[in-house]
Amino acid sequence: MKTYAPNYYGQFHCIADKCRHSCCVGWDVYIDSDTVRKYNGLTDKLGKRIRSCLTENDDGICFSMTEDGRCPFLNDKGLCEIIIEKGDEYISEICSEHPRFYNEFSHRIETGLGLSCEECARIILSQADKTFLGILSVDDEEEWEPFEIEKYALESRDRIFDILQNRDLSIEDRIGEVMRLFEMRESTPDINVIYKLLFPLERLDPSFDSTLEDLVLYGSLLPINELEIPFEKLILYFIYRHCYKAETETDFKAIVHFAFFGYYAVKGFCNAKIKKNGVCSFETLCDLARQYSAEIEYSEDNTSALIDYFYDLYPLE
């Protein structure tokens, strides 16, 4: 079976202490069973400390976070004490794999970089070249024939990638062409619709409330020509990451709507910054995209709520 990845995938390296939004803060750090066995085998002072920080809940074994939501092994310099003392082989699978994601089809695996990581956001949105997939690895695992819906989703995604990367057209014209090709219902949201859909969702970081408040007060969907290529990359990312979920053609359409909605939401946030501060830099776009991804993509309930909303635009098959 082959594993595929976008052409920018290999550019990622954790920036560790330089990261302003550490994945070791505000997230539960779950420990896989193999790593737990390693920790139980440590006889030194660090091993005893690690075991004293382990707790178990309904989702598994994790570290007890500090009162301010930090991993207990994240030091004041933003570095992992376990890595410093024992090396990368002693961190859990979730720590070594994040911010990567893996989507499994019957005949292939696709991996990518998650937008909630600030360095991944910078990499994904800064690509000037067109996005394409390449073979990352090949293993001996049996490869099955793809299901019909998988063929449809992947072939349709390829067509969408071609359209969305046609820079002879504006982003809005590309979106319109995709919607006409797949006979999708016109659903360009206005600012109030974006707010009404996002506000009731589960909140992972309370600071997202201020982003939504700015959206209502200052946001618009005016074009931001200097950010067109980053916005192109943003839509491609959402479609690439989520199309594997499609079980019907209607599911696929809903996921494409979800991708377009993410673009409109982040563009609204950016225009709010322009209205409020006079400018929205590429760095600000990256941070707003990162924040949106963390709030939406890293909550299954939030992602499902939005995709279900767009699914309901279509009659039952």
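This is a short tour of the empty spaces and nonpolar cores in the structure you have open.

Before you start, note that this is a predicted model, where local features need pLDDT of at least 70, side-chain atom pairs count only at pLDDT 80 or more, and totals for chains, interfaces and linings use all residues. Residues are numbered from 1 along each chain as its sequence is written, and side-chain values use heavy atoms, with hydrogens and water left out.

**Stop 1: a pocket**

Select Arg108, Lys130, Thr131, Phe132, Leu133, Leu154, Glu155, Arg157, Asp158, Phe161, Asp162 and Gln165, and you have the lining of the second largest pocket. On a 1 Å grid over the protein atoms alone, a pocket is an open set of points with protein on both sides within 12 Å along at least five of seven lines, a cavity is a set where a 1.4 Å probe fits but cannot get out, and lining residues have an atom within 4 Å of a point. The space in this second largest pocket comes to about 210 Å³, a volume being the space filled by probe spheres set on the points, which are joined across faces, edges and corners. Now colour helix α6 (residues 148–164), which gives the most to this lining, with six residues. Helices here are DSSP runs (H or I, at least four residues), numbered from the N terminus.

**Stop 2: the cavities**

The structure holds two cavities of 30 Å³ or more. For the largest, at about 60 Å³, select Pro6, Tyr8, Ile124, Thr131, Phe161, Lys233, Leu236, Tyr237 and Tyr240. Helix α10 (residues 228–242) supplies the largest share of this lining, four residues.

Next, pick Thr211, Asp214, Leu215, Phe269, Ala272, Lys273 and Leu288 to see what lines the second largest cavity. Two elements, α9 (208–218) and α11 (249–277), each give two or more residues to that lining. The space inside is about 40 Å³.

**Stop 3: the cores**

Finally, try Leu198, Phe260 and Tyr292, which touch the most other members of the 71-residue largest nonpolar core. Such a core is a set of buried Ala, Val, Leu, Ile, Met, Phe, Trp, Tyr and Cys residues joined through side-chain atoms within 4.5 Å, where buried means under 20% relative accessible area (1.4 Å probe, protein chains only). Helix α11 gives the most to this core, with 14 residues.

Centre on Phe260: leaving aside residues up to four places away in sequence, Phe260 touches Leu164, Ile175, Val178, Met179, Met184 and Ile235, with contact meaning heavy atoms within 4.5 Å. To end, select Tyr39, Phe73, Ile82 and Ile91, which are among the 14 residues of a second, separate core.

Methods. Buried means under 20% relative accessible area, exposed over 50%, partly exposed in between (1.4 Å probe, protein chains only).
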